[in-house]
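Colleague: I am new to reading protein models, and I would like to go through one slowly with you. Could we take it feature by feature, with the general idea before the case?

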Amino acid sequence: MNFEKIVPPFIPFPEAAVYLSGAFEIFFGLGFLFEKTRRYAAIGWIVLLLAVFPANIYMYTSGLFPQYPDWLLLLRLAVQVLLIGLAVWIAHSPAHGEEVK
């Protein structure tokens with residue numbers, strides 16, 4: 001899939017937006033590997049998932065993707081909400097050795 005197609009028209013430089021969001025995905029994903037950066041990575045993921053949410057809404061509402069059934073595009077939105085919830089949970093989880101308040 002060409003990810004530039006799901007970038008809403010109001011976002012300038014769609015190719016740059018796709019590459020930038022991909023770079024952040026990798027960066028924050030690597031942050032989850034290390035306990036010291038996990039909370040920051042989770043916060044970054046929350047921001048990133050919120051930032052790309054309009055693209056998934058556009059994908060669902062634009063009608064430009066008839067090859068995907070509506071239920072699948074809605075499921076994509078629901079999974080994104082669940083991932084945001086998971087990232088919030090990780091961001092609020094105590095680090096190893098940290099006391100639970």
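Modeller: Let us begin with a term: a residue is called buried if its relative accessible area is under 20%, exposed if over 50%, and partly exposed in between. Please keep in mind that this is a predicted model. With that cut-off, buried residues make up 26% of the 101 residues in the protein chain.

Colleague: How many helices and strands does the protein chain have, and how do the elements run from the N terminus on?

Modeller: The protein chain has three helices and zero strands, and from the N terminus on its elements run α-α-α. The C-alpha atoms fill a box of roughly 50 × 30 × 20 Å, taken along the principal axes. Among the contacts between residues at least 6 apart in sequence, 59% join residues at least 24 apart.

Colleague: What span does helix 3 reach from its first C-alpha to its last, and what is expected at 1.5 Å a residue?

Modeller: Helix 3, which covers 70–92, has 23 residues and reaches 33 Å, close to the 33 Å expected. Distances along the sequence and in space can also be set side by side for a pair of residues: Asp 70, which lies in helix 3, is 15 residues from Gly 85 in sequence and 23 Å from Gly 85 in space, C-alpha to C-alpha. Asp 70 counts as partly exposed because its relative accessibility is 48%.

Colleague: Which residues of helix 3 are buried, and against which helix do they pack?

Modeller: A general idea helps here: an α-helix has 3.6 residues a turn, so residues three or four places apart point the same way. In this model the buried residues of helix 3 are Leu 73, Leu 77, Gln 80, Ile 84, Ala 87, Ile 90 and Ala 91, and the buried residues of this helix pack against helix 2. A residue on the other side of the story is Asn 56, which is found in helix 2 and counts as buried because its relative accessibility is 7%. Leaving aside residues up to four places away in sequence, Asn 56 touches Ile 6, Arg 76, Leu 77 and Gln 80.

Colleague: How many aromatic pairs does a search of the whole structure find, and what describes such a pair?

Modeller: In general, a pair of aromatic rings is described by the distance of the centres and the angle of the planes. The search of the whole structure finds two aromatic pairs. One of them joins Phe 24 and Phe 28, whose rings are stacked, at 5.6 Å centre to centre with 15° between the planes. Both residues lie in helix 1, four residues apart, which is about one turn of the helix. Ring pairs also bring in Phe 27, linking Phe 24, Phe 27 and Phe 28 into a cluster.

Colleague: Are Phe 24 and Phe 28 buried or exposed, or partly exposed?

Modeller: Phe 24 counts as partly exposed because its relative accessibility is 36%, whereas Phe 28 is buried because its relative accessible area is 14%.

Colleague: What is the volume of the largest pocket, and which residues are closest to its centre?

Modeller: The largest pocket has a volume of about 620 Å³. Of the 26 residues that line this pocket, the closest to its centre are Ser 21, Glu 25, Leu 48, Val 52 and Ala 55. Helix 1, helix 2 and helix 3 each supply at least two residues of the lining, and helix 2 gives the most, with 10 residues. By class, the lining of the largest pocket has 19 nonpolar, five polar and two charged residues.

Colleague: What is the volume of the second largest pocket, and which classes do the residues of its lining divide into?

Modeller: The second largest pocket has a volume of about 200 Å³. Of the 10 residues that line it, the closest to its centre are Glu 35, Arg 38, Arg 39, Ser 93 and Ala 95. Its lining divides into four nonpolar, one polar and five charged residues, and helix 2 gives the most to this lining, with five residues.

Colleague: What is the phi of Phe 13, and where does this residue lie?

Modeller: Most residues other than glycine have a negative phi. The phi of Phe 13, however, is near 55°, a positive value in a residue other than glycine. Phe 13 lies in the segment before helix 1, and it counts as exposed because its relative accessibility is 66%.

Methods:
Residues are numbered from 1 along each chain as its sequence is written. This is a predicted model: local features need pLDDT of at least 70, side-chain atom pairs count only at pLDDT 80 or more; totals for chains, interfaces and linings use all residues. Side-chain values use heavy atoms; hydrogens and water are left out. Buried means under 20% relative accessible area, exposed over 50%, partly exposed in between (1.4 Å probe, protein chains only). On a 1 Å grid over the protein atoms alone, a cavity is a set of points where a 1.4 Å probe fits but cannot get out, and a pocket is an open set with protein on both sides within 12 Å along at least five of seven lines; lining residues have an atom within 4 Å of a point. Grid points are joined across faces, edges and corners, and a volume is the space filled by probe spheres set on the points. Ala, Val, Leu, Ile, Met, Phe, Trp, Tyr, Cys and Pro count as nonpolar, Asp, Glu, Lys and Arg as charged, and the others, Gly among them, as polar. Rings of Phe, Tyr and Trp (its six-membered ring) pair if their centres lie within 6.5 Å; planes under 30 degrees apart count as stacked, over 60 as edge-to-face and the rest as tilted. The expected span of a helix is 1.5 Å times one less than its number of residues. Contact means heavy atoms within 4.5 Å.
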